[in-house]
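Here are a few exercises to work through with the model open beside you. Try each task before reading its solution.

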Amino acid sequence: MKLSHFKFELPEELLASYPSEQRDEARLMVLDRKTQTIEHKSFKDLINYFDEGDVMVFNNTKVFPARLYGNKEKTGARIEVFLLRELNAESRLWDVLVDPARKIRIGNKLFFGDNDDLVAEVIDNTTSRGRTLRFLFDGSYEAFRKKLQELGETPLPKYIERDVEPLDDERYQTIYAKHEGAVAAPTAGLHFSRHLLKRLEIKGIDLAEVTLHVGLGTFNPVEVEDLSKHKMDSEEIDIPENTAKMINNAIDTKKRVVAIGTTVMRTLESSVSADHHLKSYNGWTNKFIFPPYEFSIADAMVTNFHTPKSTLMMMAAAFAGHDFLKEAYALAIKEKYNFYSYGDAMLII
């Protein structure tokens, strides 16, 4: 498969700038791989496709306010700093992206907050936009993290061309988010309301959790036509023992395993045993899934409608079948489904 196989034209008005009014009332397109049929539903209808003993797997990562705005020493130029990954808690070292990058060199200092109460020094260049910062802050580690929370804002994707609003603090976060560490929300999970989760439990559907801290690697553009040459950035994952047991029991009893989002699918496929069962694991993954690919664990997936030529669209195509997914995307455009992070959802069974 080539990069050009994942190109399509998306009308700008289908980019969702705001979420649906109620989480579980987004639209849901249902793709049946066996019958090659497509249905149009509401997200809360998801419950009708699963039975007692089936397992839904959620990514419980929590988005932190990763976008900061500071000023460069001397010139006072406004600089955006996007926190990617904490490298060393004790030394307060972070991998970040800076914009505009051409102005930021090793040795520069950046000042944050009205009273410059947080300062960072650039100590390394990592990529064209990437830098390593050492934060200088008088106070405990807890006070430092609190200050980052206070100064940072919800890292809405750049294509949402509006200011962050109070509603984003709640809506750009799943209701089951627990472990802070993501710079982007696992968007398929944004559609679940507390009411829908309760209905799933009452029906006897088991809810399992894994963690994948979404980094920008998920969204880095693919710049090679030959997909086998694309390298994914590593992201931290955790598959607890109890989750592995629950999923393996479903596999053994011929129940279905549903991955809620591409991040869950990538996590599950990163720790598979020789007999196609799930192994508990804590570490890193740089798994890149594109067609053709044989999946080992999940037999259904919920996902959003993704950007052209993105690794997310490639994984959905690997699961649904490339031609079937392209057909579904063309229909979604015709039927005016909303795309991207705050957009509508797709269920592939």
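**Exercise 1. Work out which residues of helix H1 are buried, and whether they share a side.**

Solution. Start with the burial list: in helix H1 (residues 141-151), the buried residues are Phe144, Lys147 and Leu148. Buried means under 20% relative accessible area, exposed means over 50%, and partly exposed lies in between, using a 1.4 Å probe and protein chains only. Next, look down the axis: these residues cover an arc of only 100°, which puts them on the same side of H1. The arc is taken from the directions that run from the helix axis to the C-beta atoms. Then turn to the other side of H1, where Glu142, Lys146 and Glu150 are exposed. Take Glu150 as a check: its relative accessibility is 53%, so it counts as exposed. Finally, find the partners: the buried residues of H1 pack against strands E5 (67-72), E6 (78-88), E7 (93-99), E9 (118-125) and E10 (130-136).

A word on the ground rules: this is a predicted model, in which local features need pLDDT of at least 70 and side-chain atom pairs count only at pLDDT 80 or more, while totals for chains, interfaces and linings use all residues. Residues are numbered from 1 along each chain as its sequence is written, and side-chain values use heavy atoms, leaving out hydrogens and water. Helices (H or I, at least four residues) and strands (E, at least two) are DSSP runs numbered from the N terminus.

**Exercise 2. Trace the order of the nine-stranded sheet and find what packs on it.**

Solution. First read the order: the open sheet of nine strands goes E2-E1-E17-E16-E14-E3-E12-E13-E15, with mixed pairing. Two strands pair if DSSP finds at least two bridges between them. Its edge strands are E2 (37-42) and E15 (281-285), each pairing on one side only. From one strand to the next, the twist averages 25°. Now zoom in on one pair: E3 (residues 55-59) and E14 (residues 257-260) run parallel and are joined by three bridges. Within this pair, Val57 stands opposite Ala259.

Then add the helices. Helix H4 (residues 241-252) lies across E3, E12 (206-212), E13 (235-239) and E14, and runs at about 130° to E12. Helix H6 (residues 311-320) also packs on the sheet, touching E1 (27-32), E16 (300-304) and E17 (345-348), with its direction at about 150° to that of E16. Contact means heavy atoms within 4.5 Å. Axes are lines fitted to C-alpha atoms, for helices over the stretch in contact, and angles run from 0 to 180 degrees between N-to-C directions.

**Exercise 3. Classify the ring pair of Phe8 and Tyr329, and place both residues in the chain.**

Solution. Apply the rule first: rings of Phe, Tyr and Trp (its six-membered ring) pair if their centres lie within 6.5 Å; planes under 30 degrees apart count as stacked, over 60 as edge-to-face and the rest as tilted. The structure holds 20 such aromatic pairs. For Phe8 and Tyr329, the ring centres are 5.3 Å apart and the planes meet at 85°, so the pair is edge-to-face. Phe8 sits in the segment before E1 and Tyr329 in helix H7 (residues 322-334), 321 residues apart. Tyr329 is buried, with a relative accessible area of 2%, and Phe8 counts as buried at 14%. To finish, both belong to one aromatic cluster with Tyr159, Phe305, Tyr337, Phe339 and Tyr340.
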